[in-house]
Amino acid sequence: MERALEPPIVAVKTRDANWSLGAAFIVMVVVFAVGPFVVYPVFLMKALCFALFACAFNLLIGYGGLASFGHALFLGWASYVTAYTAKAWGWPPELALVAGTATAAVLGVVAGGLAIRRQGIYFAMITLALSQMMYFFALEAKFTGGEDGIQGVPRGRLFGLFDLSHEMTMYVFVLIVFLAGFLLIYRIINSPFGEVLKAIRENEPRTISLGYKTERYKLVAFVLSATLSGLAGGLNSLVFQLASLTDVHWTMSGDVLLMTLLGGLGTVFGPVVGAFIVIAMQNYLAPFGQWVLVIQGAIFVVCVLLFRRGIVGEIAQLLRVPL
Amino acid sequence: MRPAGKTHAAKFALALAVLIGTAAAPRAQDDDVVKIGVLTDMSGLYSDIGGPGSVAAAKLAVEDFNPAAHGMKVEVIAGDHQNKPDVGANLARQWYDVDHVDVIVDVPTSSVALAVGDVTREKNKVFLGSGPASSDLTGPKCSPNTIQWTYDTWMLANSTGKSVVETGGDTWFFLTADYAFGQALQRDTTKVVLANGGKVLGDARHPLQTSDFSSFLLQAQTSKAKIIGLANAGGDTVNAIKQGAEFGITSRGQQFAGLLVFINDVEALSLKVAKGLVLTETWYWDMTEANRAFTKRWQQSRPGKFPSMVPAGVYSSVIHYLKAVEALKSDSDGRAVVAKMKEMPTDDPLFGKGSIRVDGRKIHAAYLFEVKKPEESKYPGDDYKLRATIPAAEAFRPLKDGACPLVSG
Amino acid sequence: MFEIFGIPSQALFGQLLLGLINGSFYALLSLGLAVIFGMLNIINFTHGAQYMMGAFAAYFLLNGIDILVPHFTGTWPPTFASVHFGLGLSYWWALILAPILVGITGLVIEQVFLQHLRKLDPLYGLLLTFGLGLVIEGLFRNAYGSSGQPYQAPAALQGGRNLGFMFLPNYRAWVIVLSFAVCLATWFAIERTRLGSHLRAATENPVLVRAFGFNVPLMVTLTYGFGVALAALAGVMAAPIYNVSPQMGTDLIIVVFAVVVIGGMGSILGAILTGFALGVIEGLTKVFYPEASNTVIFVIMAIVLLIRPAGLFGRRA
């Protein structure tokens with residue numbers, strides 16, 4: 001039996017619904033503006049990149065109802081292309097980023113075209129297999145550097161003006177890109193396109209009977225999700241000045257799934273919160289050996305059994321406001 | 001009963017801030033402390049060669065240096081790079097930025113070492129690589145902040161490789177770990193084989209940490225090369241040799257040449273399987289009284305194991321670093337400390353007297369060993385007999401051949 | 001010694017035979033997955049970890065296990081000391097005991113976790129088993145690091161035979177034989193016996209079968225345990241070839257998923273045949289185009305899904 005994944009969120013829409021979203025957004029911006037003075041900026045930048053990745057992923061799974069197990073493909077390959085164009089071709093960071101994002105978009109069209117025909121588990125398996133195929137391609141290809149990765153990627157000067165090798169300048173850039181991506185996703189969700197997508201998630205046959213070409217909508221959602229994941233990937237390679245196999249490995253797809261599930265499928269802020277928690281945990285627990293794996297696994301189990309709404313989803317349910 | 005909206009936004013903000021606050025790395029420390037970071041492979045295929053053994057060696061070095069007597073405070077911390085360049089580079093960056101680590105040591109796994117070298121150069125700290133093998137670290141990728149301590153692929157190729165070719169092994173097939181180290185080792189050994197009149201019939205590249213070598217070994221067999229050169233290390237070498245025995249490689253006339261073999265690998269294989277293997281190390285636990293004494297102390301934290309040249313290199317590099325910091329009275333300028341280390345001749349109980357070249361290469365003698373037969377071994381760890389000594393002046397690649405930008409002219 | 005397409009026949013047959021050995025593992029593992037999916041409609045992502053547990057069980061049965069035991073010396077808290085429980089049970093014992101032991105853990109997992117997911121979208125089952133797999137792998141990695149523990153093939157199976165084109169170790173020949181036998185026995189049991197027909201009926205229409213008086217929940221639980229036992233058996237067989245290491249299952253399992261998808265998710269026969277066939281195809285690729293040997297199975301999967309979306313032997317379209 002094949003159904004799209006139904007996120008268990010039933011956020012109650014009230015008349016003054018949007019105040020909660022606006023308030024949460026302001027809080028988020030304030031936290032990120034103050035953050036680098038309190039916490040190690042590189043950690044925050046990593047969290048922001050992955051927050052963008054998780055938001056892009058959520059667009060597909062939370063709002064489109066399509067669970068992809070292969071999003072590492074877009075994150076990783078965009079990071080390789082951005083790294084390569086910046087290092088080997090000497091492109092300025094904004095062009096390198098565009099190149100990486102465009103790569104992810106193209107990959108999204110190809111992968112989406114193959115995968116969209118199926119739903120549910122089959123869809124997940126196809127995306128997993130495609131991403132694994134591209135992982136091995138990355139392993140073999142010369143330009144990706146295989147196990148060594150692409151090292152020593154220059155951050156360059158943004159628009160020829162801003163020297164991104166200064167941590168704070170880079171941080172501001174990352175924050176702006178993240179907020180832009182976040183707002184773009186929010187706009188997509190709350191547009192006519194977004195409404196049709198949600199309708200497809202709830203009941204695809206009915207949507208088809210209403211005359212919508214659902215395959216096309218799903219494909220567009222897939223490509224959008226892939227493109228923004230690529231943006232996150234390219235940004236990540238500039239922050240760390242390194243593109244490596246870790247970003248294309250299937251465990252990365254598992255990580256983003258964890259972040260979104262933990263934060264809350266189908267919520268606006270869930271992926272951001274989920275990404276922060278997971279990155280913080282990986283950072284904080286790294287000295288404790290493989291406990292990170294154990295805890296991540298345990299979170300999956302607990303979330304699936306008890307907290308299917310995720311953290312933000314539960315909060316939203318409690319407060320009866322959309323978040 | 002709905003509380004006012006603003007309280008919830010505030011609560012949310014508070015929760016988020018607490019979350020981030022707990023994720024904050026520890027606050028910066030004083031620069032009075034000389035902090036040494038042992039970055040190594042704690043649980044993977046190189047964990048026996050470096051790993052906790054390197055941490056133990058670093059601590060012994062600090063103990064022997066006796067910081068209190070010099071008016072210094074020294075701390076040792078350890079981290080696991082899991083053989084991944086991104087994990088290693090991130091940890092190095094965080095150690096330098098937040099934890100005020102002054103020097104990173106060990107780092108077996110050349111791909112990680114190259115990434116850590118980049119970060120170290122950017123932050124102007126010090127990197128003492130006693131673990132990595134790639135000769136590129138003192139070649140095109142050399143840096144004024146990096147010193148490669150214990151060995152490198154050029155030395156291995158010109159010691160083990162040359163001796164194998166000279167004893168009749170003139171056709172080679174390489175089994176190579178497909179990353180910076182394996183490729184460098186294959187490249188350097190190929191040069192030696194060709195220069196000595198030999199031929200390379202082919203190669204098979206395998207991913208790092210492979211457990212099944214059967215299809216690669218079959219390719220090696222098909223090539224009919226006299227020598228199967230193992231351009232890999234640690235667990236990969238052990239697996240390849242063990243499975244080679246399973247597939248009857250050696251009984252059908254071919255021979256393995258372990259281009260980088262450590263005593264830990266010999267112990268893992270057992271003398272019965274490894275006997276006759278020719279290898280090069282720059283330090284052997286049983287060669288001098290001082291080495292034996294060090295080993296005994298080291299074994300208190302690693303019972304039943306024997307130190308390879310890697311922990312010995314960690315010990316030696318840490319002692320020399322601390323001497324240099326004492327002489328400069330400061331550890332903050334990485335380049336200055338490294339320059340001082342190159343200026344001062346080295347002298348420690350394990351490697352004796354030596355020096356560091358301008359390209360960051362530590363110079364000492366190399367030893368060609370042969371693994372003993374089981375009946376020749378009198379006590380645990382009695383694994384090697386000395387075949388030849390290559391004096392320090394000849395053991396490493398000549399300065400002019402390295403293509404290191406630091407070498408003028 | 002002749003050449004086919006420029007490749008010496010020795011290399012070709014040798015790699016094909018090695019491919020058949022790999023295929024044996026693919027077949028056994030995908031059989032377990034197919035059985036579980038057929039009965040529970042769950043993609044058992046824990047399969048890789050259960051395969052690893054089978055290998056470790058064999059290792060423990062032979063070498064013993066160190067367990068922290070509290071010593072009560074009259075003062076509180078008690079001190080802990082590591083005690084070695086050794087059994088010295090050989091490989092042959094492990095072939096029987098390890099699947100039983102690991103199968104029991106499978107029964108526990110089904111009872112504690114999986115039965116709550118029966119009404120939910122099957123994707124949640126995937127996520128939960130994925131999480132369980134991570135937990136198990138993490139625990140073992142903490143205890144044993146990520147490089148392998150050695151495990152010797154039993155004395156009776158050591159050594160090998162010179163086949164002319166290659167030297168085939170006896171143990172690897174045994175792997176092919178045993179896996180083929182187990183696959184055949186399982187297929188026969190499910191497709192040709194009465195018990196099998198009850199199981200198949202319960203898959204199609206659990207309510208009706210229950211109305212007939214069969215204990216369907218028990219059948220479901222036992223089926224999961226059996227699938228897990230198959231994975232553990234594959235693990236025991238793998239122990240002498242691949243080292244016993246905590247991550248031996250993780251990368252293998254993705255390939256096995258591809259195999260199951262190609263064969264058809266619910267089909268037992270499809271899983272077995274595709275497993276062996278893909279092992280051989282992978283071996284062939286290693287001869288002619290080694291760089292692609294890792295990706296060929298996924299490429300085939302993509303093609304099959306485009307042409308026959310239900311897989312080669314699948315029933316549900």
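This dialogue works through how to read several features of a predicted model.

Student: What should I keep in mind about numbering and confidence before I start?

Tutor: Residues are numbered from 1 along each chain as its sequence is written, while chains are lettered from A and ligands numbered from 1 in the order in which they are written. Since the model is predicted, local features need pLDDT of at least 70 and side-chain atom pairs count only at pLDDT 80 or more, whereas totals for chains, interfaces and linings use all residues.

Student: How many helices and strands does chain B have, and how compact is the chain?

Tutor: Helices (H or I, at least four residues) and strands (E, at least two) are DSSP runs numbered from the N terminus, and chain B has 14 helices and 15 strands. The radius of gyration is taken over C-alpha atoms, and the globule rule is 2.2 Å times the number of residues to the power 0.38. For chain B the radius is 23 Å, close to the 22 Å that the rule gives for 409 residues, so the chain is as compact as a globular protein of that length. Along its principal axes, the C-alpha trace of chain B spans about 80 × 60 × 50 Å.

Student: Which domains does the assignment give for chain B, and how many residues of each are in contact?

Tutor: Domain bounds come from an automatic or database domain assignment, which for chain B gives domain 1 (33-151 + 287-363) and domain 2 (154-281 + 366-394). Two residues are in contact if their C-beta atoms, placed from the backbone, lie within 7 Å; by that criterion, 20 residues of domain 1 of chain B are in contact with 22 residues of domain 2 of chain B. On the domain 1 side, helix 4 (residues 110-123) of chain B gives the most, with three residues. Ala, Val, Leu, Ile, Met, Phe, Trp, Tyr, Cys and Pro count as nonpolar, Asp, Glu, Lys and Arg as charged, and the others, Gly among them, as polar; the residues of that domain 1 side divide into nine nonpolar, eight polar and three charged.

Student: How is a helix read for its span and its burial?

Tutor: The expected span is 1.5 Å times one less than the number of residues. Helix 9 (residues 214-240) of chain A has 27 residues and reaches 39 Å from its first C-alpha to its last, close to the 39 Å expected. A residue is buried if 20 or more other C-beta atoms, placed from the backbone, lie within 10 Å of its own, exposed if 12 or fewer, and partly exposed in between. In helix 9 of chain A, 22 of the 27 residues are buried, so this helix is largely enclosed by the rest of the structure.

Student: Which helix gives the most to the side of chain C that touches chain A?

Tutor: The contact takes 35 residues from chain C and 35 residues from chain A. Helix 4 of chain C gives the most to the chain C side, with 17 residues, and by class that side has 24 nonpolar, seven polar and four charged residues.

Student: Where in chain B do Asp106(B) and Lys224(B) lie, and how should their phi values be read?

Tutor: Most residues other than glycine have a negative phi. Asp106(B), in strand 3 (residues 103-106) of chain B, has a positive phi near 80 degrees and counts as buried, with 38 C-beta neighbours inside 10 Å. Lys224(B) has a positive phi near 60 degrees, lies in the loop between helix 7 (214-223) and strand 8 (227-231) of chain B, and is partly exposed, with 14 other C-beta atoms within 10 Å.
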